[in-house]
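Let's take a friendly walk through the overall build of this model, from the chains as wholes down to their nonpolar packing.

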Amino acid sequence: MDEIYQALVKIVGVEFVSRDPEERFIYARDPGTMEPREPDWVVMPNSTEEVRQIVLLANERRIPVVPMGGGLVLSGLTRPLKGGMVLDMKRMNRILEVNETSRSVLVEAGTSQGMLQAYLKKHHPGLKHSIPDAPPIATIAGNVLIHGSGHLSAAGGFHSDMLNGMEVVLPTGEIAKIGSCATSPYWFSRAPLPDLAGLFIGWHGTTGIATKLAIKLYPDRPLADVGIFVSEDPELVPGIIHQLAGVAVAEDILAFMANAPAWLQGFQLINVRYGAETREELRLKRDLLRESVRTYIDAKVGGFMPLPPEMKQRFLEEPQTTIAVFADAREGGGFEYVGAIMPIELFPEAYRKGLEVAERLGVPCSTGARVVGLGHCMMFFYAYAFNRADPADVGLAQQALEETNAAVLEMGGIPWKAEAPAQKQIIGKMDPATFALMNRLRGVLDPRGIMNPGNWETD
Amino acid sequence: MEHAEILHRCFRCGYCKLPGSFQDLNCPPYLKFRFETYAPGGRMWLLRAWLDGEIQTSQRLSEILFSCTACGNCVEHCVFPAFKSELLDAFTAGREALVDQGVVPDAVGRYLRAIASHGNPYQLPEADRAGWAEGLGVERYSGQEYLLHVGCPGSYDERGQRMARAVAGLLLKWGVDFGILGEEEGCDGNEVRVLGETALFEKLARENIEKLEAAGVEKILTLSPHGFHAIKNEYPKFGGRFETRHYPQLLAGLMAKAELRRRNGRLRVAFHDPCYLGRHGGDYLTPRAVLGALPGIELIEMDRAMADALCCGGGGGNFFTDVLGGGADSASRVRVREAAGTGAEVLAVACPKCAGMFDDAVKAEGLEDGLRVMDIAELVLEHCA
C-alpha cells in the first residue's frame with residue numbers, strides 16, 4: 001500500500017494525494033442516502049498526462065479507480081464500492097477555448113458549472129451554456145456524462161446531446177479523442193464519425209475518464225421572461241407541456257408541485273422561461289406561448305399566474321438555490337431524488353405515485369419535471385428530504401427511493417444516475433442482449449476491471 | 001461542543017466555496033488544498049464525525065480546522081438561512097475543543113504561548129509597543145477624544161508600523177484629538193478568540209476593558225479591522241462598551257475639509273475589502289468613499305469585491321501561524337494576480353495583515369514593478385497638500 005502511495009505522490013505531488021482518515025471519511029460518501037464506502041487513496045491530478053499515469057499504475061496493480069467531479073450526484077456513484085482510489089478531478093478546471101462563431105467551449109473535466117457561467121458572462125456576454133439546477137460547484141463533465149439536463153434543455157435536449165467531443169483516458173491508459181477533434185483541430189460536433197461518445201456517457205465512470213470536453217453554447221439574450229401556467233388537474237399536464245414545448249420558443253420548461261405555501265398544494269405549476277433580443281420579440285413569444293394553451297385557458301382549467309417582478313426574478317435565477325435548501329426540510333441536511341427519464345404522457349401517473357409513496361411513508365417530498373427537447377421526454381423528479389443524524393429517517397428516505405425506482409420502471413420510465421441497487425433494478429428490466437453488449441464493451445475497454453467496479457453489475 | 005446541533009444540517013452543496021458570481025474558489029483553505037475536507041462543508045462533516053467517534057483526533061484534523069481564515073465567505077454565501085450565521089462559530093468551537101485537548105498545529109501552539117507569556121505574538125517586550133510612534137509626536141492618552149489602538153502588527157511588524165505611522169501622521173496633520181496607550185496597550189485578542197483559546201481571549205478582553213475604562217476612554221479608533229471587530233462586537237460580552245471605529249470610518253468624515261493636491265497623471269487603484277470591515281462589519285463603502293475623494297485616483301474594482309472579496313489569507317491567525325502556507329494557489333498570491341489583472345497600479349488595503357500578506361505575495365509573483373500595496377492612509381498622505 002505504501003508503495004502505491006509513493007507512486008501516486010511521484011505522479012501528482014505529495015500535497016495532492018491523501019490516505020488520511022479525514023479524506024477517506026469524506027470521500028466515502030456523498031450527500032445522499034447511500035452507505036459510505038472508503039477509498040484507500042484520494043488523488044487530485046492536474047493534467048491528462050497525470051491521469052494517464054495514474055490509470056497505468058492502477059491497471060498494473062489492479063486498483064479500482066473512481067473519477068469524481070463535484071461529488072454532488074447524490075446517488076453515491078462516486079463512492080468506491082470496492083475500495084481503491086477516488087480521482088477528484090476539480091484541479092483540472094481550465095476553460096481552454098471559446099468559439100464564439102460556432103458557439104462552443106472546450107473545458108477541462110473539473111471545470112465547474114458556476115465557473116463557466118461566470119467566465120461567459122464576463123468574456124462572452126452573448127453566450128451561455130445550459131446550467132443544471134445542481135449547485136454551481138458541480139462540474140460540466142460530471143453532468144454531461146450522466147445525461148444531465150438544465151436551463152436550456154427545452155431548446156437543446158439533454159446535456160449529453162450538447163456534447164461536441166471529448167478527450168478520454170481509457171482504462172488501459174491510451175488517450176482517445178472523441179468527435180470531430182479526432183480528425184480536425186475544431187471541436188464542432190460528434191458527426192459525421194461513428195459516435196464513440198456513447199461508450200462513455202451514462203456508464204458512471206466504468207469505461208474511462210473524461211479529461212476534456214467541448215459543449216455547445218447558446219445565445220444569452222439580453223431580455224428574459226418567465227411565465228407560470230397553473231393547473232389543478234395532473235391529467236391535463238402532458239397536453240399542456242406538449243403545446244407549450246411545441247411552440248419551440250422556450251429555453252426551459254419545468255413543472256413543479258409545491259407543498260408550501262399551503263394554498264399551492266394540489267396545483268401543478270409549469271414554469272416556462274424564454275429569452276429575446278427585443279421587447280417586441282419577447283411579447284411575441286409570450287403571445288405564442290399563451291395561444292398554444294388557449295383551449296385550456298378558455299375552458300378555465302388552467303391559466304398563467306400573475307407574477308410580481310421580485311418573484312419573477314427568483315424564477316429566472318440560474319441555478320435555483322431553493323433546490324439545495326430543500327435539504328433542510330427535516331432540519332437534517334439531506335435529500336436525494338429519483339430522476340425518472342420518461343415520456344411526458346406518464347406525468348399524471350408519476351405524480352400520483354410520488355404523492356402516494358410520500359404520504360404512506362411520511363417522507364417530505366418535492367416533485368417536478370424538467371422537459372427535455374420539444375416535449376420529447378422529461379426528467380420527473382421525486383426528491384425526498386431526510387435527517388442525516390437520524391438513521392431511521394435515512395432508512396425511510398432509502399425506502400421511498402427504492403419504491404419510487406421500482407414504480408418508475410414499472411411505469412415505463414428509467415431512473416437517471418441510478419444508485420448501485422437501482423442499477424440492478426434497471427438491469428432486471430433491461431433486454432438481456434443489451435446488458436450482454438454492455439458487458440462485452442466494458443470487457444474490451446477495461447479488461448482488468450478497474451473502472452468504478454460495482455456499478456452496472458448484477459452482483 | 002457548542003453549535004454541534006447544526007453540523008449535520010450542512011448538505012455540502014458547496015455554495016460556501018464560491019463567491020456570489022461563482023467565478024472561482026473563494027474559500028482560502030479550499031483554494032489552497034483542494035481536498036473536500038478543507039471546504040466549509042467538509043469541516044462541518046468532519047466535526048460531526050469526530051464528535052460521533054467516527055474519526056479520531058489527529059494532526060491532520062487539527063490542520064484542517066486551523067487552516068480556516070474565518071473570512072466569512074461561507075457565511076455570506078451559504079444558502080441555508082436557518083444556520084448559516086453559526087458556521088464560523090461552529091468552526092471556532094471545534095478549534096476550542098482541539099485546544100482543550102492540546103492538539104493544535106505547532107505554529108498555533110507557539111502563537112498562543114507567545115500571547116500568554118509575552119502579550120504579543122512576536123515575543124518582544126511590551127515596553128517596545130510604542131516604538132512605532134517614535135518621533136511622530138503622538139501623545140499618550142490622557143482624555144483626548146479618541147484612543148488609537150494599533151494592535152500587535154501595528155506595534156511590532158515592520159509593515160504594520162509603517163501603516164500605524166501613516167494613520168497617526170494623518171490624524172496629527174488634520175488635528176484630530178487622539179492619544180495612544182503605548183506600552184500600556186494590550187493585544188486585542190481577536191485571533192486568540194478565533195483560534196478557540198476562549199479563556200485567554202476572555203482574560204485579554206477583561207484586562208483591556210479595565211485599562212480602557214480606567215483611562216476614561218470612550219471612543220476608540222483601530223488600525224486593524226480585526227481589532228475593530230473584537231472591541232466593537234466581542235468586548236460588550238464582557239461589559240466593555242466603547243464607540244469604536246476603524247480608522248477609514250473617521251477619515252471619510254474629514255475628507256471634505258482636507259486640503260488635497262492633484263498628483264501628476266492618473267493612478268489606478270483597486271481596493272481590497274478586509275474581511276472584518278466588509279463581510280463581518282458590513283461596511284464596504286466607507287473605504288471607497290475615502291479613496292474616491294482623492295483627486296487623480298481612478299478607483300477600479302476587482303471582480304471579487306465587497307461581499308465577494310477573496311480573503312488575503314491572513315485571518316484566523318494565519319498571518320502569524322501560516323498554517324495555510326504559501327504557493328501559487330495561496331489566497332494572497334491569487335488575490336494580487338487578480339489585482340494586477342485589472343491594470344491596477346496600487347492595491348489599496350485597510351488592514352496591516354492584508355498589507356503584510358500582499359507585500360509578500362507581490363514579491364513572490366514578481367509583480368513589484370507594476371503593483372504597489374498601499375494602505376488607505378498612505379495614499380491619503382501622498383495626496384495631502
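## Two chains and their cores

In chain B, 65% of the 385 residues are buried, where buried means under 20% relative accessible area, exposed over 50% and partly exposed in between (1.4 Å probe, protein chains only). For chain A, 63% of the 459 residues count as buried.

Before going further, please keep in mind that this is a predicted model: local features need pLDDT of at least 70, side-chain atom pairs count only at pLDDT 80 or more, and totals for chains, interfaces and linings use all residues. Residues are numbered from 1 along each chain as its sequence is written, chains are lettered from A and ligands numbered from 1 in the order in which they are written, and side-chain values use heavy atoms, leaving out hydrogens and water.

The table sets out the secondary structure, with helices (H or I, at least four residues) and strands (E, at least two) taken as DSSP runs numbered from the N terminus.

| Chain | Helices and strands | C-alpha span along principal axes |
|---|---|---|
| Chain A | 15 helices, 19 strands | about 70 × 55 × 45 Å |
| Chain B | 17 helices, eight strands | about 65 × 50 × 35 Å |

How does the radius of gyration of chain A agree with that of a compact globule? A globule of 459 residues would come near 23 Å, and chain A has 22 Å, which agrees. Chain B, with 385 residues, has 20 Å against an expectation near 21 Å, again in agreement. The radius is taken over C-alpha atoms, and the globule rule is 2.2 Å times the number of residues to the power 0.38.

Contacts (heavy atoms within 4.5 Å) add to the picture. Among those in chain A with a separation of 6 or more, 69% join residues 24 or more positions apart; in chain B, that share is 79%.

Now to the packing. A nonpolar core is a set of buried Ala, Val, Leu, Ile, Met, Phe, Trp, Tyr and Cys residues joined through side-chain atoms within 4.5 Å. The largest has 154 residues, and A:Met85 and A:Met166 have the most contacts inside it. Helix H5 of chain B (residues 87-101) gives this core its largest share, seven residues. Beyond its neighbours within four places in sequence, A:Met85 touches several residues, including A:Leu8, A:Trp41, A:Ile54 and A:Val66. A second, separate core has 46 residues, among them A:Ala154, A:Ile240, A:Ile344 and A:Tyr384.
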